[in-house]
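Got your viewer ready? Load the model and follow along, one selection at a time.

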Amino acid sequence: MILSGILLFFFFIFAFSFLSRFSVYYPYLFEMDISVGFELGFWEADEFMPAILPAEAKRKWAEVSAARNPREKLQLMQEFLSLVPKHKGTAKLCAQVKKQMAVLRREIEEGKRRKTGRGGPKFFIEKEGAAQIVVLGLTNVGKSSLLAAVTNAKVEVSPMPYTTKEPVPGMLPCGDIQFQLVEAPALMEGAADGKAWGLQTLALARNADGLMLMVDLTQNPCRQLSTIMGELEKTRILVSMPKARVEIERKFIGAGLRIIVFGRLLDCTFKDVEELLKSYRVTDAIVKIYGEATLDEVEDAIFESTAYKPAIIVANKIDAEGAEANLKLLEAYVGGQLPIIAVSCRTGQGVEKIGETLFKTLDLIRVYTKEPNEKDFSKKPFVLKKGSTVYDLAKSIHSDFSENFAYARVWAKRLVFSPQKVGATFPLEDGDIVEIHTK
Ligand SMILES: Nc1nc2c(ncn2[C@@H]2O[C@H](COP(=O)(O)OP(=O)(O)OP(=O)(O)O)[C@@H](O)[C@H]2O)c(=O)[nH]1
Ligand SMILES: [Mg+2]
């Protein structure tokens, strides 16, 4: 009797610890099948432990956040690390901070090079068109060939590996809009740990509006995808909508702290979040919490926010022998989580589907505007996110427009009376024509 009681007790302890493991991992599964996540190497057992920090370290991080000068920031980060007790629970945090330090060091180096006129790759590409899409892939998958096939960019295509050494932009026409494709220098295993220009390439991806993950169907496409996903994940760039997302937008001193929860707090209250943020001296910011978030995730966001990027997979070289079979393997591996387009940059097969797939995946709409006194509407649409309102449109035309907004008239097939007079909160859809009237 006593023995069975003890056994039952241990069983519960075991079951509880097993389940709690998953409750820790769960927010990172992002609606993905558990087995897929493990195969893709998205997380490791000891990751995502809460960071229990002494008050002086938290104060130091507040100084890091406030610093604008990269050198000063780097110095403060070093000091911060020396204040963090080293154990399992802080290992992930330390690695994250070290990564940020590596990026800063490169930035300082680049700045020096530019000043001394010695050149070096330029990694920032000004956004143009409806959205900036960064093309990521291992070497020789055909990234330059794609740009040559669908854009006006001048690129070098070569069977030699690592030919493209700095980002190259090109415009991809899609109906009456254009996407900006940016070929990134090839990714490789270890990019997120600072190998070659990996960190800069990943920073380019973080700044993009969407990603194109390109694989070569003459090689193992699942392994290639797993490498790309692994490097993205290490720098906290996600291609599936996360269960929870925390955005911290720092404001000027005196602005105060505003916490907006769009979903639900799982293991804490508003007050806990506020206290946590204040302990890091985050006192002037707008903090937006989407989905179901834990206090740990809010703490994580203080150090580095997780970025979500809509993505499509472009599987190249479908013309080659054995490519069809590899495509089937890839499709099974991805299991419908991301759209896959099979193309051949050599023959042009499938490339016409890229623009439309991007448009759908990025959840965009095109809205045409009309001057009140004119008969015709603009031929060039404004590109907005799905769910945008007349107010968002007015804001994107001109800030004055949103301030002096009176009403709008909207022409659309779905309306019973078209044009219809509407207010600022009217939700727009693809193809709407809008005439804005100001006060
Ligand atoms: N069979 C076949 N070969 C292709 C295709 N697209 C590109 N290639 C070949 O693949 C090789 C690499 O092409 P690139 O476009 O330079 O590849 P990349 O990804 O830009 O490579 P790096 O910039 O060096 O990392 C070249 O020899 C191309 O001719 C395709 O659709 N089919
Ligand atoms: Mg290239």
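## Stop one: around the ligand

Select ligand 1 and then helix α6 (residues 143-150), which supplies the largest share of the shell around the ligand, 3 residues. Helices here are DSSP runs of H or I with at least four residues, strands are E runs of at least two, and both are numbered from the N terminus. This is a predicted model, where local features need pLDDT of at least 70 and side-chain atom pairs count only at pLDDT 80 or more, while totals for chains, interfaces and linings use all residues. For your selections, residues are numbered from 1 along each chain as its sequence is written, and chains are lettered from A and ligands numbered from 1 in the order in which they are written.

Now light up G142, S144, S145, T163 and T164: they come nearest to ligand 1 among the 23 residues around it. (A residue is near a molecule or strand if its C-beta atom, placed from the backbone, lies within 6 Å of it.) Colour the shell by class and you get 8 nonpolar, 11 polar and 4 charged residues. Here Ala, Val, Leu, Ile, Met, Phe, Trp, Tyr, Cys and Pro count as nonpolar, Asp, Glu, Lys and Arg as charged, and the others, Gly among them, as polar.

## Stop two: a buried strand

Next, select strand β11 (residues 311-316). Is it enclosed or not? 6 of its 6 residues are buried, so β11 is largely enclosed by the rest of the structure. (Buried means 20 or more other C-beta atoms within 10 Å of the residue's own, exposed means 12 or fewer, and partly exposed is in between, with C-beta atoms placed from the backbone.) Turn the strand over: A311, I313 and A315 are buried on one side, and I312, V314 and N316 on the other.

Add strand β4 (residues 210-216), which pairs with β11 in the parallel sense over 6 bridges; two strands pair if DSSP finds at least two bridges between them. One bridge to find is M212 with I312 in β11. Then add strand β12 (residues 340-342), parallel to β11 over 3 bridges, where I313 stands opposite I340. Trace the chain from β11 through helix α11 (residues 323-334) to β12 and you follow a right-handed β-α-β crossover. Right-handed means that, with the strands pointing away from you, the path from the first strand over the helix to the second runs clockwise.

## Stop three: a loop residue

Pick L362, in the loop between α12 (354-361) and β13. L362 counts as buried because it has 20 C-beta neighbours inside 10 Å. Which residues does L362 touch, leaving aside neighbours within four places in sequence? They are A131, D209, G210 and P310, where contact means C-beta atoms, placed from the backbone, within 7 Å. The C-alpha atoms of L362 and G210 are 7.0 Å apart, although 152 residues separate them along the chain.

## Stop four: the open sheet

Show the five strands in the order β14-β13-β17-β15-β16, an open sheet with mixed pairing. β14 (382-385) and β16 (420-422) are at the edges with a single partner strand each, so one side of each has no neighbour in the sheet. From one strand to the next, the twist averages 40°. Inside the sheet, β13 (residues 364-369) and β17 (residues 433-438) are parallel over 2 bridges, with T369 bridged to V434 in β17.

Finally, show helix α13 (residues 390-397), which lies across β13, β14, β15 (405-411), β16 and β17 and runs at about 130° to β14. Axes are lines fitted to C-alpha atoms, for helices over the stretch in contact, and angles run from 0 to 180 degrees between N-to-C directions.

How values were computed
Two residues are in contact if their C-beta atoms, placed from the backbone, lie within 7 Å.
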